Amino acid sequence: MTQLKEKLLSSFIAFEDQKDIDSYVHGIRTKAIKTFEKEGFPTKKLENWKYTSLKKTLNYDYKLFPSETKALEFKDIKKYLIDDVESYKIIFVDGKYSSHLSETTHDGMDICILSSALNQSKYDLLIENYFDKISKKDGITSLNTAFSSEGSFIHIPKNVQVDKPIQVIYFSTGKNESVFYQPRNLIIVGENSQVEIIERHQSLSENSVLVNSVSEIYCNVRSVVKHYKVQNDKINASLIDNTFVSQERNSDYSLHTFSLGGELTRNNLSIAQNGERIESTINGITIIGENQHVDHNTLIHHKKPNCNSYQDYKGIFGGNSVGVFNGQVMVEKEAQKTNAFQSNNNVLISDKATINTKPQLEIFADDVKCSHGCTVGQLDQNALFYLRSRGIPEKEATALLMYGFANKVLGSVGIPQVKNRINDIIAKKLGVKIGFDI
Amino acid sequence: MSKYTEDDLKKELETKEYEYGFYTDIESDTLPVGLNEEIIIAISKKKEEPEWMTEWRLDAFKKWKEMSEPEWANVKYEKPDLQKISYYSAPSNKPKYNSLDEVDPELLETFKKLGISVDEQKKLAGVAVDVVIDSVSVATSFKDTLKEKGIIFCSMNEAIKEHPELVKKYIGTVIPKTDNYYAALNSAVFSDGSFCYIPKGVKCPMELSTYFRINEAGTGQFERTLVVADKGSYVSYLEGCSAPSRDENQLHAAVVELIALDDAEIKYSTVQNWFPGDSDGNGGVFNFVTKRGLCENNAKISWTQVETGSAVTWKYPSCVLKGKNSVGEFYSIAVTNNFQQADTGTKMIHLGENTKSTIISKGISAGKSQNSYRGLVQISPRAKNARNFSQCDSLLIGNECGAHTFPYIETKNKSAQIEHEATTSKIGEDQIFYCNQRGIDTEKAIALIVNGFSKEVLNKLPMEFAVEAQKLLEISLEGSVG
């Protein structure tokens, strides 16, 4: 851990040397590396990291910048895309933007990459107003900020309904080395605009990959943002995903997180409601086994009156896997008439799996309706018997029940193709060949 | 009739004095302030304790010095200066009482004011009471009746002298000396407390009760309670507390250990009514208590608590469900008003097979208070078919208070079934309107609604306490309209 930290600190100087040191972002980066130097990597001693240790993940000898990158063809990546739907694509290979695989636009909106936004003066104002404004200043986020140079940049102006979903995919091919990436996304959605975003991190490498991603998402007045995170990486890949959302009045943000793969996945999600009548929905499905570890750390901060938030996280844990859910709902004194709902349901299917869950409510306003529910249990034996008595083999019956358990979350997915893809992954994960498109 | 407004109610509530805030002028024997090894040896000497006990205390003190005060709880307060407290204060010339007639009349007056008039209870309720003032036990009633059954119910000090084998065997087994900062401090300096032993197969014929009171200024109360229920026995134990109103903060750091051997059942009820500080948030008792019970096979421990007092409460009565089929229960009502802060809850540690636990927690916050529920349900890999049900409901009265829930659930066994649910709401205007319509005034309506909200827990209290608790709830809350 300390070794890696030293390495990161020393490579920052070399990294920053290649960049324009007069730029606005330079100041932010320099400040961020200082914060990281002070805070370091989070340890289990921190309440928010009580159940997740990065010790093993940080022990690899990571390269910060891959020494060689493999050129990828469309056929190599086709199966990781949701290819049966028209979409904009922003595709990165080993931290570098791959223009021949991508499909971006500047026509009436900017769906492009952060490096070009940072380097072109016409974007200066946007960068100064939005970049690194809502991200938390903790060790892990600051590390990303310090090295932030590439990622997606999505800017939708007023009154635009984006015609097709945007897919943002990060591939890593690291041939003979382990790589540690710091992608950075900046998403600004203007008044009355609507957009759908699908985000994925995928390793194609045999070596360990660690991604520390930060996304800042601004939902302006009456905007609608639908966000999907597909986390189905290889078993040697780990992901720390930090997403910060800032919502203005009457906006609607929804996020679906599908955590189905990877060695260690940590989702830090923080939503701030800065206006009245805001809707926030965050849903998740986690299905893991073996030695996988998934940790959802969510915060919904109700600051203004008449807002709603809805959280539903379902988890199925097998093998030696560990699941963590740490959901926090905070209601400020001013946020009267808040309606907050939080639910976390878990099924353990193996004797060695562990689930740690901590749904928290912190409420300072009296006229609110806040509730949370949390369960840990197993599949209903009677239901299983019912299915088997009708000739459905045990494996399929179990799979059907598990699918049924998670289905409620899938119901709210807006893009049918995404839903189908998740169905396929779940079927594969459960080892059955049945279509769940009931 | 002029309308009884929210402001009227608030005013009335603020001016409502703490009824138990009197100070009794009893001559007392107080040790100088400060904490060091000499003081501990002096306490031990004053109590005429055997050498092993002195050693035990010193060992705890040594470990305590290396520990630091916990800061994770969701409460804010000025840390008490532990060197400015006197660790021993006892009514002086303590005689040995055999009957109430011999008790200092001044002291009896105190009991009368407390409303727990000992002789009255003796006659009517049939409750055996052990009264602890400034952490020294001054009166134990019904001793002889209990003796016939083989039940030992006496002060801790007496138990150390007369039943050293029992004390030595069980003390510190559920809550080790090093468990936490305040438990270690208590282990080093505890001055007295109650000890109770129920022999095999005996069902205790009456409720056993301890009443705690901090009387002297500048003292801390550090009492220690140990209840051992031998195989197949049953006991119901009550605990009540109060303190005089003072501007300064007083510290109460108690340790309660319950041990339920095979097939035994312990029911432990507390009505905590320490001085909560005045309406400006001055003074009041810091209540930092460690309570834990151990259940062997088929045993059952049930905690019931009504928390209305204390400026700062920090208390988690817990159950270690070690034996097969053991059962742990926790029923709690925590009421905070004015500037009170409570961080309370429970821990249910499931170790054995088929263990069950139930948690029902009702938090009511009014004024500028903060009320937190913090609970842990832990299922170990060996705990097959463990079952837990938790419910935490919070009621907010007024818009300056806060209610918080921090449940931790850690499961390592697939056969476990755990349910947790929590809600936060206020008293609905429609509910009050409904009552008003039927001729029930607002104040009564609130009392009714709060009582209904807390019913599940109130029902678990023994009769005598339920009445007192209901009254306390009304007093603490009357006048706060949602």
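# A walk through chain A and its contact with chain B

Strand E13 of chain A is mostly covered, since 6 of its 8 residues are buried. This strand is a convenient place to enter the predicted model, because the pairing on either side of the strand can be followed from there by DSSP numbering. E11(A) is joined to E13(A) by 8 bridges, and these two strands run parallel; within that pairing, His227(A) stands opposite Leu255(A) of E13(A). E13(A) is also joined to E15(A), again by 8 bridges and again in a parallel arrangement, and here Ser259(A) stands opposite Thr286(A) of E15(A). In a regular strand, the side chains alternate between the two faces of the sheet.

Stepping back to the whole chain, one finds 9 helices and 21 strands in chain A. The C-alpha trace of chain A spans about 70 × 55 × 45 Å along its principal axes. A compact globule of 438 residues would have a radius of gyration near 22 Å, and the 21 Å of chain A agrees with that expectation. Of the 438 residues of chain A, 50% count as buried. Among the contacts in chain A between residues at least 6 apart in sequence, 83% join residues that are at least 24 apart.

The domain assignment divides chain A into domain 1, covering 2–395, and domain 2, covering 396–438. The centres of these two domains, taken over C-alpha atoms, are separated by 22 Å. Where they meet, 29 residues of domain 1 of chain A are in contact with 24 residues of domain 2 of chain A. The side of domain 1 that touches domain 2 receives at least two residues from each of several elements of chain A, including strands E9 (194–203), E11 (224–231), E13 (252–259), E15 (279–288) and E17 (308–317), as well as helices H7 (381–389) and H8 (394–410). The strands E11, E13 and E15 with which this account began are thus among the elements that contribute to the contact with domain 2 of chain A. By class, that side of domain 1 has 17 nonpolar, 4 polar and 8 charged residues.

What lies in the interior can be described through the nonpolar cores. In soluble globular proteins, nonpolar side chains tend to be buried together. In this model the largest nonpolar core has 216 residues, and those with the most contacts inside it are Ala229(B), Ala260(B) and Ile266(B). Helix H8(A) gives the most to this core, with 7 residues, and the core draws at least three residues from each of domain 1 (2–395) and domain 2 (396–438) of chain A. A second, separate core of 5 residues includes Tyr51(A), Val322(A), Val324(A) and Phe325(A). Returning to the largest core, Ile266(B) touches Val227(B), Ala229(B), Val235(B), Tyr237(B), Leu258(B), Ala260(B), Gly293(B) and Ile301(B), when residues up to four places away in sequence are not counted.

The contact between the two chains takes 31 residues from chain A and 31 residues from chain B. On the side of chain A that touches chain B, the elements that give two or more residues are strand E20 (354–363) and strand E21 (369–377) of chain A. Of these, E20(A) gives the most, with 10 residues. The residues on this side of chain A divide into 13 nonpolar, 11 polar and 7 charged. Strand pairing also crosses from one chain to the other: E21(A) is joined by 7 bridges to strand E25 (residues 417–426) of chain B, and the two run antiparallel. Within this pairing, Cys370(A) stands opposite Thr424(B) of E25(B).

Two loop residues of chain A deserve a closer look for their backbone angles. Most residues other than glycine have a negative phi. Asp132(A), however, has a positive phi of about 60 degrees although it is not a glycine, and it lies in the loop between helix H5 (124–130) and helix H6 (139–146) of chain A. Asp132(A) counts as buried because 23 other C-beta atoms lie within 10 Å, where the cut-off for burial is 20 or more. Arg222(A) likewise has a positive phi of about 60 degrees without being a glycine, and it lies in the loop between strand E10 (209–219) and E11 of chain A. Arg222(A) has 19 C-beta neighbours inside 10 Å and therefore counts as partly exposed.

Definitions and conventions:
Residues numbered from 1 in each chain as written. Chains lettered and ligands numbered in written order. Predicted model: local features only at pLDDT ≥ 70, side-chain atom pairs only at ≥ 80, totals over all residues. Domains from an automatic or database assignment. Contact = placed C-beta atoms within 7 Å. Helix = DSSP H or I, 4+ residues; strand = E, 2+ residues; numbered from the N terminus. Nonpolar A, V, L, I, M, F, W, Y, C, P; charged D, E, K, R; others polar. Rg over C-alpha atoms; globule rule 2.2 N^0.38 Å. Buried ≥ 20, exposed ≤ 12 C-beta atoms within 10 Å, placed from the backbone. Core = buried A, V, L, I, M, F, W, Y, C linked by C-beta atoms within 7 Å. Pairing = 2+ DSSP bridges.
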